[in-house]
Amino acid sequence: MSTCEDLLGTIGEHGAGIRTLDAGDRHLLEVTTQTLPKLAVDLTSRLRYEFATLVVDPGPDCSHTIHYFFYCPADATLVELVTGIKAGVSPPAISDQVHAADWYEREAEDMYGIHFAGHPFLGDFVLHDTEWPENVAPMRVDFDPGMRVQEPGLGERWHPRRLLSEEGALIFPVGPIWSDYAEAGLWLLETPGEQIRQAHSRLFYKYRGVEKIAEGQSPQRALLLAERFSGNSAFAHALAYCQALEKLAGSQIPARAEGLRVVFAELERIRYHAATIAELAGSTALLVGKSMGQEIEEDLLRLSGAVAGHRYLFGLVVPGGLAWEPQEKALRELEQGVAAAGARLGELEQLLVHSSSFLDRIEEMGTLTPELAASYGVVGPIARASGRALDLRRALPYGGYAGAECTVPCETEGDGYARLRVFFAEVRASVALIRATLAKLPEGPSSVPCEPQSGTALAWSEAPAGGAFHWVRLGADARIARWHIGTPGFRNWHAFHRAVEGVAFQDFPIILASFGLTVAENDL
Amino acid sequence: MANWVLRSLARGIRTTRWPRAEETSLGVTPGRPRAATGMSAEAAERCPTAALMPVEHGVAVGFERCVHCQRCRHGATAMPWSGDFEWTGGGPRESVDLPARFRRSLHVRYVDAGACGGCMGEVRLIDAPPYNLHRFGIFITASPRDADVLLVGGPVTEAMRTPVRKAYAAMPDPKRVVAMGVCAINGGVFGASFASAGGVGEVIPVDYVIPGCPPPPLAIIHALLAVTGRAATQVTAEQP
């Protein structure tokens, strides 16, 4: 029996109303808060659905509509559970059973003041208690984004939670300003001396309020934010955002534009992974390996700059296609450059996997077991190194990936070495995909007019670090009324602390590098 | 292990010859629009950040607001773009270059105050082989207590105000602050809001600014040379 029929049967049991949209691929269910947890558990545990993202849409008078998105990798269907809550009503938490939703509920509590009943750990998340008064909820409609909320002296009241009570136990803080070029974030490592027993990631030092400041902006202006909140996965996020607008416009994107989008998205993935591999080699003090990785990264940045005008591909993707048509000559150079970079990364891989001193630092290190990976719902290369062969390019094919041959490498050990192998394997797959796409790139226009109408749309892309979901609601004035960005960083940082528990201090930066995450992608 | 050593030696020198020779490789910089006479106001209207300003004889450019969105780069009313990267300008604080004894030993602390991966990626490359910051006697240091220069990226988020202030206070005199990228100059696309201060200058005094979104590695190195008077600062706005 297909999961779809199974799903409809299950929903019938709960007596919820269902609407099927998008030629049967999307099911929208309006549910009550009572049936919500049971349905969420049925979807994730029995029907093998993956939790995609949680979107809160604020209404007037502090009422809210909450959208829970799930997708089924087996048959590419998407389920949306919608529930409305009135002001002051506490919806039940689903994160006690769907653990991947944990941070989404904490985020919603901080941003909207929605208290999820049964959630044990709300508060001090996005808005640090050191900086923000408790009653601030910046995503509510009545909050003025231009206003600065100040309450001096809050910092004195905050202390990190301490779980370890052994004699001599201490909390070792790492960040927010630390190491050479590290991103701002605080990691509190609890230790009795040498071993990290508990770790706690305190992120959102870089919270820029992207979703709030985008409200009221034109879609064209907000595109600048989509590219710039996480610059090294700019193309993937801009692509997901533009696809949402294209759904609202009903635009049919020409095949040539879809193909070129695949090419640039994969170019970004190769560059992102090259940078991660360089950082990982550098974290183990293997400086020649780091230099080789950085040279490849730099060459790919220059290639992007030469072909697309910008080293991080800013400005290339627009609603309706691409901003301009790259020249044939540039595309040939791109193909050659990518093939050369792929070959050099292959050479680096051979050197790295035959260096025992390097492997000693990453093998059986920072292990995220398949069970933990599934429980936290991690995505991207980290998931694929822990036995979860999840990839939106294959699970929910979009744009030019619909007919593309897309290899999804998978490893099961979940350690630093497995992640390294996945990074290299994905580079190989991306090089092959770029060459295959360019070889049969159709002729035709590379953009169509795109006039998005008011409404809501969810779109997604597989960013280098994992699946990204952009949910956009355009108002009647065709401006952004609400934009929710579900990032892979947000999913994966959730699980990061589990990989450093039990390791020695000096392994912390290595495990951090092996995750290949950016804080910017998490701290919107 | 011998393999790594041999490989390292066999690779030879991969570093740019800039600033002794010009660096014209494609893609080392995103480039930027330049002021132009005879352009209609229509060209300036396409700019989403008001970096292009219509004036009497053409279109002027404020580099501190340009985010290289490339919307003025193509089409009928395209602006001229130059492929340069020596962009550093003087900041709001009137300051003199650091004394000559810093010229061969300058220590820099980078602080991420809300920078996106773009600025993070570019700053990580300044001491990579293609650019090799160390050949100038400039070093990245882990502690602000050892730093002569504070290089700050990002619009300075609410939670980073205090760390930025503390890092600045911990530095010994004389010290200089470089705001790196459009976000650090004026908030960039994030602006000034409930979550962002809207630039480093709102929190600590700024001596030099590097326009760009993100500024490429050579633009960052150019700024660090300018701090000790080894490179000339540029204007940050241009009239036709």
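Helix α7(A) is mostly covered, with 25 of its 29 residues buried (under 20% relative accessible area, 1.4 Å probe, protein chains only). The model is predicted; local features need pLDDT of at least 70, side-chain atom pairs count only at pLDDT 80 or more, and totals for chains, interfaces and linings use all residues. Residues are numbered from 1 along each chain as its sequence is written, chains are lettered from A and ligands numbered from 1 in the order written, and side-chain values use heavy atoms, without hydrogens and water.

**Long helices**
- α7(A) covers residues 255-283 (helices are DSSP runs of H or I, at least four residues, numbered from the N terminus).
- Its 29 residues reach 42 Å from first C-alpha to last, close to the expected 42 Å (1.5 Å times one less than the number of residues).
- Ala285(A) follows α7(A) and has a positive phi, near 65°.
- α9(A), residues 328-353, has 26 residues and reaches 37 Å, close to the 38 Å expected.
- Buried residues of α9(A) include Leu331(A), Leu334(A), Val338(A), Leu345(A) and Glu349(A).

**Packing of α5(A) and α6(A)**
- The axes of α5(A) (residues 219-228) and α6(A) (residues 234-249) come within 8 Å and cross at roughly 150° (lines fitted to C-alpha atoms over the stretch in contact; angles run from 0 to 180 degrees between N-to-C directions).
- That makes the two helices roughly antiparallel (over 145 degrees).
- The contact (heavy atoms within 4.5 Å) involves Leu223(A) and Glu227(A) of α5(A), and His237(A) and Tyr241(A) of α6(A), among others.
- By class, this contact has nine nonpolar (Ala, Val, Leu, Ile, Met, Phe, Trp, Tyr, Cys, Pro), one charged (Asp, Glu, Lys, Arg) and one polar residue (the others, Gly among them).

Key:
Angles under 35 degrees count as roughly parallel, over 145 as roughly antiparallel, 65 to 115 as roughly perpendicular and the rest as oblique. Buried means under 20% relative accessible area, exposed over 50%, partly exposed in between (1.4 Å probe, protein chains only).
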